[in-house]
Amino acid sequence: METNPSLIVGLPDLMHAARAEAGRVMAEHEGDFVAEHQIVLARLSAAEVITDEEAETLLQIYKLGYEAGEPKGDPQRAYFATRELYSKMLTSRKPSPVALVVASAALGSFEVSVDTEGTPTVSIARVSYGSSLAGIGAGLGTLLGGVPGGVLGGAIGGLIGGIVDDKKGKP
């Protein structure tokens, strides 16, 4: 008998699993945010929902956002570099929908606005959770519903990450 666990797993179960897994990964890497993201991407690659090349590109995108949030970071440069990598991913031969949703969440972590003098500004949270939670959500969603579950989980994770970023505030 073929079953689909997503039919019986509820939102509280997923929330608990996401918190538990995020906590485990964080404890294992002791505050190394890049290593945490790398392990999440390796899992998505091992599950064959993203390619190894996409994992490398997503890690590069994550590093751009992470460095942009540093005190001496350049969010505007990182935003445009991230947009360029995302555009390349979108136009590649056969991009993974899961890779695209994680990249999209990373791009969405940047906030583009116009100051009172009409000058565009780009900002990002000190440590943005959009990309990280998109990756974790994609991993959990993939377990429950394959690629479509990964896309939905990644989108939800990215959205939650953006909310966390807004709650923490920008530097």
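Which residues in helix 3 meet which residues in helix 5? Glu54, Leu58 and Ile61 of helix 3 meet Ala99, Val102, Ala103 and Ala106 of helix 5. The structure is a predicted model. Its protein chain contains 6 helices and 2 strands, and 39% of its 171 residues count as buried.

**Overall layout**

- In sequence order, the elements of the protein chain follow the pattern α-α-α-α-α-β-β-α.
- Among contacts in the protein chain with a separation of 6 or more, 65% are between residues 24 or more positions apart.
- The protein chain exposes about 9,900 Å², and carbon and sulfur atoms supply 59% of that area.

**Helix 3 with helix 5**

- Two packed helices are described by the angle between their axes and the distance between the axes.
- For helix 3 (residues 52-68) and helix 5, the axes come within 10 Å and cross at roughly 10°.
- Because angles under 35 degrees count as roughly parallel, helix 3 is roughly parallel to helix 5.
- By class, the residues of this contact of helix 3 with helix 5 are 6 nonpolar, no polar and 1 charged.
- The charged residue is Glu54 of helix 3.

**Helix 4 with helix 5**

- Helix 4 covers residues 75-90 and helix 5 covers residues 97-108.
- Their axes lie 10 Å apart, and the two helices pack at an angle of about 160°.
- This angle makes helix 4 roughly antiparallel to helix 5, since angles over 145 degrees count as roughly antiparallel.
- The crossing of these two helices is left-handed.
- From helix 4, the contact is made by Tyr79, Thr82, Arg83, Tyr86, Met89 and Leu90.
- From helix 5, the contact is made by Ala99, Leu100, Ala103, Ser104 and Leu107.
- The contact of helix 4 with helix 5 divides into 8 nonpolar, 2 polar and 1 charged residues.

**Thr82, in helix 4**

- Thr82 is found in helix 4 and is among the residues of that helix that make the contact with helix 5.
- Thr82 has 1% relative accessibility and therefore counts as buried, the cut-off being under 20%.
- Apart from its neighbours within four places in sequence, Thr82 is in contact with Ile61, Leu64, Leu107 and Phe110.
- One of these, Ile61, is also among the helix 3 residues that meet helix 5.
- Another, Leu107, is among the helix 5 residues in the contact with helix 4.

**Ala42, in helix 2**

- Ala42 lies in helix 2, which covers residues 33-46.
- Its relative accessible area is 42%, so Ala42 is partly exposed.
- Ala42 and Glu56 are 14 residues apart along the chain, and their C-alpha atoms are separated by 9.4 Å.

**Two loop residues**

- Glu48 is placed in the loop between helix 2 and helix 3.
- With a relative accessible area of 70%, Glu48 is exposed, because exposed means over 50%.
- Most residues other than glycine have a negative phi.
- Glu48 has a positive phi of about 60°, although it is not a glycine.
- Asp74 is found in the loop between helix 3 and helix 4.
- Asp74 has a relative accessible area of 38% and is therefore partly exposed.
- In sequence, Asp74 and Val122 are 48 residues apart, while in space they are 8.8 Å apart, C-alpha to C-alpha.

Technical notes:
Residues numbered from 1 in each chain as written. Predicted model: local features only at pLDDT ≥ 70, side-chain atom pairs only at ≥ 80, totals over all residues. Heavy atoms only, no water. Helix = DSSP H or I, 4+ residues; strand = E, 2+ residues; numbered from the N terminus. Buried < 20%, exposed > 50% of the residue type's maximum accessible area, 1.4 Å probe, protein only. Contact = heavy atoms within 4.5 Å. Areas by Shrake-Rupley, 256 points an atom, 1.4 Å probe, with all protein chains shown as cover. Axes fitted to C-alpha atoms, helices over the stretch in contact; angles between N-to-C directions. Parallel < 35°, antiparallel > 145°, perpendicular 65-115°, else oblique. Left-handed = near helix turned anticlockwise from the far one by under 90°.
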